[in-house]
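Trainee: Could we go through this model together? I would like to start with the contacts.

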Amino acid sequence: MDYDVVEARHVSGYVVWLRFRDGTEGQVDLSSELAGPIFASLHDPAKFAEFYVHPEFHTLSWPNGADIAPETLHRRARAAA
């Protein structure tokens with residue numbers, strides 16, 4: 001799928017640089033996406049920075065089980081570009 005995240009790097013705070021399978025890339029501030037109980041621990045910037053690209057779902061995931069839909073990340077990256 002074109003929305004698959006293929007690379008991600010922490011920039012600072014809640015900002016992540018992302019590259020997608022379709023070549024789209026850009027920095028995204030995810031602070032507004034951290035709503036709800038699953039994201040509560042990620043309000044700690046150190047915990048937020050523990051994200052990884054999930055090998056099966058190809059999106060940002062965290063050790064606590066939180067993730068963000070790749071379509072959302074792609075839309076935000078395109079808007080920021």
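Mentor: Certainly; a contact here means heavy atoms within 4.5 Å. This is a predicted model, in which local features need pLDDT of at least 70 and side-chain atom pairs count only at pLDDT 80 or more, while totals for chains, interfaces and linings use all residues. Residues are numbered from 1 along each chain as its sequence is written, and side-chain values use heavy atoms, with hydrogens and water left out.

Trainee: Then which residues does His58 touch, not counting those up to four places away in sequence?

Mentor: His58 touches Tyr3, Asp4, Val5, Arg21, Val53 and Pro70. His58 is also 6.8 Å from Val6, C-alpha to C-alpha, although 52 residues separate the two in sequence.

Trainee: And where does His58 lie?

Mentor: In the loop between S4 and S5. Strands are DSSP runs of E with at least two residues, helices are runs of H or I with at least four, and both are numbered from the N terminus.

Trainee: What is the phi of His58?

Mentor: Phi of His58 is near 55 degrees, which is a positive value in a residue other than glycine.

Trainee: Is His58 buried or exposed?

Mentor: Neither: His58 counts as partly exposed, because its relative accessibility is 24%. Buried means under 20% relative accessible area and exposed over 50%, with partly exposed in between (1.4 Å probe, protein chains only).

Trainee: What about Thr59, buried or exposed?

Mentor: Thr59 is buried, at a relative accessible area of 2%. Thr59 is found in the loop between strand S4 (52-53) and S5.

Trainee: What does its side chain reach?

Mentor: The side chain of Thr59 reaches the backbone oxygen of Ile68 at 2.3 Å. This is a polar contact, defined as a pair of N or O atoms within 3.5 Å; within protein, one must be able to donate a hydrogen and the other to accept it, and residues adjacent in sequence count only if both atoms are side-chain atoms. Leaving aside neighbours within four places in sequence, Thr59 is in contact with Val5, Tyr52, Val53, His54, Asp67, Ile68, Ala69, Pro70 and Leu73.

Trainee: Let me move on to Ser61. Where is its place?

Mentor: Ser61 belongs to strand S5. Ser61 is buried, with a relative accessible area of 3%. Beyond its neighbours within four places in sequence, Ser61 contacts Glu50, Phe51, Tyr52, His54, Ala66 and Asp67. Arg76 is 15 residues from Ser61 in sequence and 16 Å from it in space, C-alpha to C-alpha.

Trainee: A new topic: how many helices and strands does the protein have?

Mentor: There are two helices and five strands, and from the N terminus they run β-β-β-α-β-β-α. The C-alpha trace spans about 30 × 25 × 20 Å along its principal axes. Of the 81 residues in the protein, 35% are buried. Among contacts with a separation of 6 or more, 42% come from residues 24 or more positions apart.

Trainee: Which residues of H2 are buried?

Mentor: They are Pro70, Thr72, Leu73, His74 and Ala77. These buried residues pack against strand S1 (5-12), strand S2 (15-20), strand S3 (25-29) and strand S5 (60-61).

Trainee: May we take His74 from that list? What is its relative accessibility?

Mentor: The relative accessibility of His74 is 4%, so it counts as buried. His74 has its place in helix H2 (residues 70-80).

Trainee: Which side chains does a polar contact join to that of His74?

Mentor: Those of Asp22, at 2.8 Å, and Thr24, at 3.4 Å. Not counting residues up to four places away in sequence, His74 touches Asp2, Tyr3, Phe20, Asp22 and Thr24.

Trainee: How many residues apart in sequence are His74 and Val16?

Mentor: His74 and Val16 are 58 residues apart in sequence, and their C-alpha atoms are 12 Å apart in space.
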